[in-house]
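Open the model in your viewer and keep the sequence alongside. The tour goes from one selection to the next and says what is there.

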Amino acid sequence: MEEESIWLSEKEASKVLRVDSQSLELLREMGDLKPGSHWKSSNDPDQLPWKPKVFYLVSGCKEVIDYL
């Protein structure tokens with residue numbers, strides 16, 4: 001699926017992956033989802049440094065979620 005290789009917002013990714021946004025955040029905090037390969041922060045200067053938006057690479061996240 002071509003859509004799996006794009007970066008999606010947390011809300012969009014949680015819909016596609018069928019997990020809630022808290023689960024995605026927990027997987028990030030636990031280190032199961034790695035920065036750069038599974039998620040990245042927005043580089044919008046208005047959001048930095050506190051709580052920037054996070055974008056997820058669906059294909060990478062799906063692999064981890066399926067494995068777990």
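In what order do the three strands of the open sheet stand? The model is a predicted one, and its three strands form an open sheet in the order β1-β3-β2, with antiparallel pairing. β1 and β2 stand at the edges with a single partner strand each, so one side of each has no neighbour in the sheet. On average, neighbouring strands are turned by 30° against each other, direction ignored.

**The sheet, pair by pair**

Select β1 (residues 7-9) together with β3 (residues 54-57): the two run antiparallel and are joined by three bridges. For a single pair, pick Trp7, whose bridge partner in β3 is Leu57.

Next select β2 (39-41). Three bridges join β2 to β3, again antiparallel. Lys40 has Phe55 as its bridge partner in β3, and Ser41 stands opposite Val54 in β3.

Now add the two helices that lie against the sheet. α1 packs on the sheet and touches β1 and β3, its direction making about 105° with that of β1. α3 also packs on the sheet, touching β1 and β3, and its direction makes about 75° with that of β3.

**Helix α1**

Select α1 (10-17). Which residues of α1 are buried? They are Ala13, Ser14 and Leu17. These residues lie on the same side of α1, because they cover an arc of only 100° around the axis. Turn the helix to see the face away from the buried side, which carries the exposed residues Lys11 and Lys15. The cover over the buried residues of α1 includes β1, α2, β3 and α3. Just after α1, stop at Arg18, which takes a positive phi of about 60°.

**Leu24 in helix α2**

Move to α2 (21-30) and select Leu24, which is found in this helix. Is Leu24 buried or exposed? Leu24 has a relative accessible area of 0%, and therefore counts as buried. Show what surrounds Leu24: leaving aside neighbours within four places in sequence, Leu24 is in contact with Glu10, Ala13, Ser14, Leu17, Val19, Leu33, Tyr56 and Ile65. Among these contacts are Ala13, Ser14 and Leu17, the buried residues of α1 seen above. For Tyr56, another of the contacts, draw a distance between the C-alpha atoms: Leu24 and Tyr56 are 9.0 Å apart in space and 32 residues apart in sequence.

**Helix α3**

Select α3 (residues 58-67), where the buried residues are Val58, Gly60, Cys61 and Val64. Their arc around the axis is only 160°, which puts them on the same side of α3. The face turned away from that buried side carries Glu63, Asp66 and Tyr67, which are exposed. β1, α1 and β3 are among what covers the buried residues of α3.

**The nonpolar core**

Show the side chains of Leu8, Ala13, Leu17, Leu24, Leu27, Leu33, Trp39, Val54, Tyr56, Val58, Cys61 and Val64. These twelve residues make up the largest nonpolar core. Which elements give two or more residues to this core? They are α1, α2, β3 and α3. With three residues, α3 gives the most.

**Last stop: His38**

Select His38, in the loop between α2 and β2. Why does His38 count as buried? Its relative accessibility is 12%, and the cut-off for buried is under 20%, so His38 falls on the buried side.

Then show the contacts of His38. Not counting residues up to four places away in sequence, His38 touches Trp7, Asp32, Leu33, Phe55, Tyr56, Leu57, Gly60, Cys61 and Val64. Several of these have come up before: Trp7 and Leu57 are the bridge partners from β1 and β3, and Gly60, Cys61 and Val64 are among the buried residues of α3. Leu33, Tyr56, Cys61 and Val64 belong to the nonpolar core.

Finally, add the backbone of Lys34 to the view. A polar atom of the His38 side chain lies 2.7 Å from the backbone nitrogen of Lys34.

Terms used:
Residues numbered from 1 in each chain as written. Predicted model: local features only at pLDDT ≥ 70, side-chain atom pairs only at ≥ 80, totals over all residues. Heavy atoms only, no water. Helix = DSSP H or I, 4+ residues; strand = E, 2+ residues; numbered from the N terminus. Buried < 20%, exposed > 50% of the residue type's maximum accessible area, 1.4 Å probe, protein only. Polar contact = N/O pair within 3.5 Å; in protein donor to acceptor, adjacent residues only side chain to side chain. Contact = heavy atoms within 4.5 Å. Pairing = 2+ DSSP bridges. Arc of directions from axis to C-beta. Core = buried A, V, L, I, M, F, W, Y, C linked by side-chain atoms within 4.5 Å. Axes fitted to C-alpha atoms, helices over the stretch in contact; angles between N-to-C directions.
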